[in-house]
Structure formats: structure tokens, C-alpha cells
Amino acid sequence: MSTSVLPTPSHSPAEPHVLDNAAWAALTGPHASFAERVGHAARYALDVSPFTALADPSDPDAWADLAALVGPGTVAPVSGAEAVPDGWEIVGRGHGVQLIDTSLYAEPAPEAVRLGLDDVPQILQLVAETQPGPFLPRTVELGTYLGIRDDDGRLIAMAGERLRPPGWTEISAVCTHPDHRGRGLATRLVRAVAAGIRERGETPFLHAAADNTHAIRLYESIGFTLRRRSQWLLVRIRDERTEQTEASDR
């Protein structure tokens, strides 16, 4: 994989880049109406998105707020954390990349249709067949989702908007049914979603799994530039009552 990290202006600790903690910036900004929040921890409504966020992943008080928000035993994804405080456990981890639009040619796609809540059953079917990432019954409410249908009306490709920190919008859920790949459908939809983002005066960005080299190369070839590498943790707070019950059963 050939990638180059885009040089970004240095920021003081008091002024981190908004994309360094994109979920928190979205949940406390343009997506506040979708947020459930306790102090310095927030998450999307459970039928909207699985993302949780901490104002500062190194702050123990933020983790205490997250514990109050999600409760014992609930698995939550957290970005930007290197470790977890006492009382928490890591149940999974992943590595990703963040890419930003630097030279994307954006244009509408006349064949694309706007997707809404009535389309969720078909969206979920396409997501199950292509696995682009988590998509829940109300994810479509986060922004504009566009799709392309075949002659029989079946949804065969999709892309849309997910995280929306101030000044930026993430393009997500980019997927094409296996029977229709190789036709450039996903690229056309990415360009179309990006056109709508730019019309609002915002800049598109996106995330991909670090090992998805095919997708990363595609995004770079159409005008995205790798900005940063990141990791996320799947964490949960230990439920002492459950652990005591399990210990007594052994």
C-alpha cells in the first residue's frame, strides 16, 4: 500500500484538530440531537449508531462518566484510548485510517435516489451482504444517504453521511452488491455525497480499516489523502455482581 500522511498544522494541547476526536465533536455539535450524554462522555442513541466518545480518553473522570452512561457489562467502542482505567476491560481492538478530501472531483449522480426510513429494510439487506460497517435502523437519519437501484428496484449500491463534526462530514456505508462491482457505482455515489457536503461549505472525510488496502488505494486515487492512523477499543466495565456469581458457580 502506498500512502502519504498529509502534513497538518501543529496545534497546541488546548486546540486539537477537530477530526482527532470526530465522534465527540459531532455528538457535542451538529449531532447533539442524537446524543445521550453524561458529563464528559457521550454516545449516539442506541438505534442510531454504536459510537461512544470521551472528551479526553486520558481523563479518568470521563471514563467514570462513560460508566454511568453505558452501565456494567455493556460493550462500547472508544477511539483514541491507549489503555483503560481500573474496573474496565478491553474485549477487542481495531486499527483504522482517516482520509480527507484534498482533490476529489465531486458531482451529482443523476441515477442516484435519496434513501430514507422506508428504505431501511433494503439498506440493512445490502449492509448484511457487503459488511461496510455498522448500520442501525435510524442511521439513515444522520445525513444524506444515496443509493442506486437495478432495473427491478433492488438497492445495489449506497453511500451516505455519518459523523458530522463542525466543518466536516464523514462519508460512510460505501458499498456495492457483489453482483454489480466493477462498474464504478460506489465512486459515483461518493462523488455525489461529497458534492452535497461541499454545497454546505463543509469538507468530506472518511474512515477505513487499516488493513483494507484496496479501499484505501481507491479513495486515494479519487482525491482523498491519508491524514492519520488511529485505533479503537471495544471496552466494557466489569459487572462485579456477575463476576461474583460466576466465581461462586465454579
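**Reading a cavity and a sheet**

Visitor: Let's start inside. Which residues line the largest cavity?

Guide: Pro132, Gly133, Pro134, Phe135, Thr139, Tyr145, Arg162, Ser172 and Ala173 line the largest cavity. Keep in mind that this is a predicted model.

Visitor: How many cavities does a search of the whole structure find, counting those of 30 Å³ or more?

Guide: The search turns up 1 cavity of 30 Å³ or more. The space in the largest cavity comes to about 50 Å³. As for what surrounds that space, the lining has 5 nonpolar residues, 3 polar and 1 charged.

Visitor: I'd like to follow one of those lining residues. Where is serine 172 placed, and is serine 172 buried or exposed?

Guide: Serine 172 sits in strand 9. To read burial, check the relative accessible area: under 20% means buried. Serine 172 has a value of 10%, so it counts as buried. Setting aside neighbours within four places in sequence, serine 172 touches Ala159, Gly160 and Arg162.

Visitor: Strand 9 must belong to something. How do I read a sheet?

Guide: Here's the general idea: strands of a sheet pair through backbone hydrogen bonds, in either a parallel or an antiparallel way. In this structure, 8 strands make an open sheet with mixed pairing, and the order is 4-11-5-10-9-8-7-6.

Visitor: Which strands stand at the edges?

Guide: Those are strand 4 (76–79) and strand 6 (113–114). Each has a single partner strand, so one side of each has no neighbour in the sheet. There is also helix 2 (residues 60–70), which packs on the sheet and touches strand 4, strand 5 (88–101) and strand 11 (224–237). The direction of helix 2 makes about 105 degrees with that of strand 5.

Visitor: Which strands does helix 5 lie across?

Guide: Helix 5 (residues 213–221) lies across strand 5, strand 9, strand 10 (203–209) and strand 11. Helix 5 runs at about 25 degrees to strand 5.

Visitor: Now for strand 8. In which sense do strand 8 and strand 9 pair?

Guide: Strand 8 (residues 155–161) pairs with strand 9 (residues 168–176) in the antiparallel sense, over 4 bridges. To see that for yourself, look at residues facing each other across the two strands. Methionine 158 is opposite cysteine 175 of strand 9, and alanine 157 is opposite threonine 176. In the hairpin between these strands, with 6 residues linking them, glycine 167 has a positive phi near 85 degrees.

Visitor: And how many bridges join strand 7 to strand 8?

Guide: There are 5 bridges between strand 7 (residues 145–149) and strand 8, and the two run antiparallel. Here isoleucine 148 has alanine 157 as its bridge partner in strand 8. The hairpin of strand 7 and strand 8 has 5 residues between the strands, and glycine 153 there takes a positive phi near 85 degrees.

Visitor: How many residues of strand 8 are buried?

Guide: 7 of the 7 are buried, so strand 8 is largely enclosed by the rest of the structure.

Visitor: One last pair: how are strand 1 and strand 2 joined?

Guide: Strand 1 (residues 35–38) and strand 2 (residues 41–44) run antiparallel, with 4 bridges joining them. Arginine 37 has alanine 42 as its bridge partner in strand 2. Their hairpin has 2 residues between the strands, and glycine 39 takes a positive phi near 55 degrees.

Technical notes:
Residues numbered from 1 in each chain as written. Predicted model: local features only at pLDDT ≥ 70, side-chain atom pairs only at ≥ 80, totals over all residues. Heavy atoms only, no water. Pairing = 2+ DSSP bridges. Contact = heavy atoms within 4.5 Å. Axes fitted to C-alpha atoms, helices over the stretch in contact; angles between N-to-C directions. Buried < 20%, exposed > 50% of the residue type's maximum accessible area, 1.4 Å probe, protein only. 1 Å grid on protein atoms, 1.4 Å probe; cavity = no way out; pocket = protein on both sides within 12 Å on 5 of 7 lines; lining within 4 Å. Points joined across faces, edges and corners; volume = space filled by probe spheres on them. Nonpolar A, V, L, I, M, F, W, Y, C, P; charged D, E, K, R; others polar.
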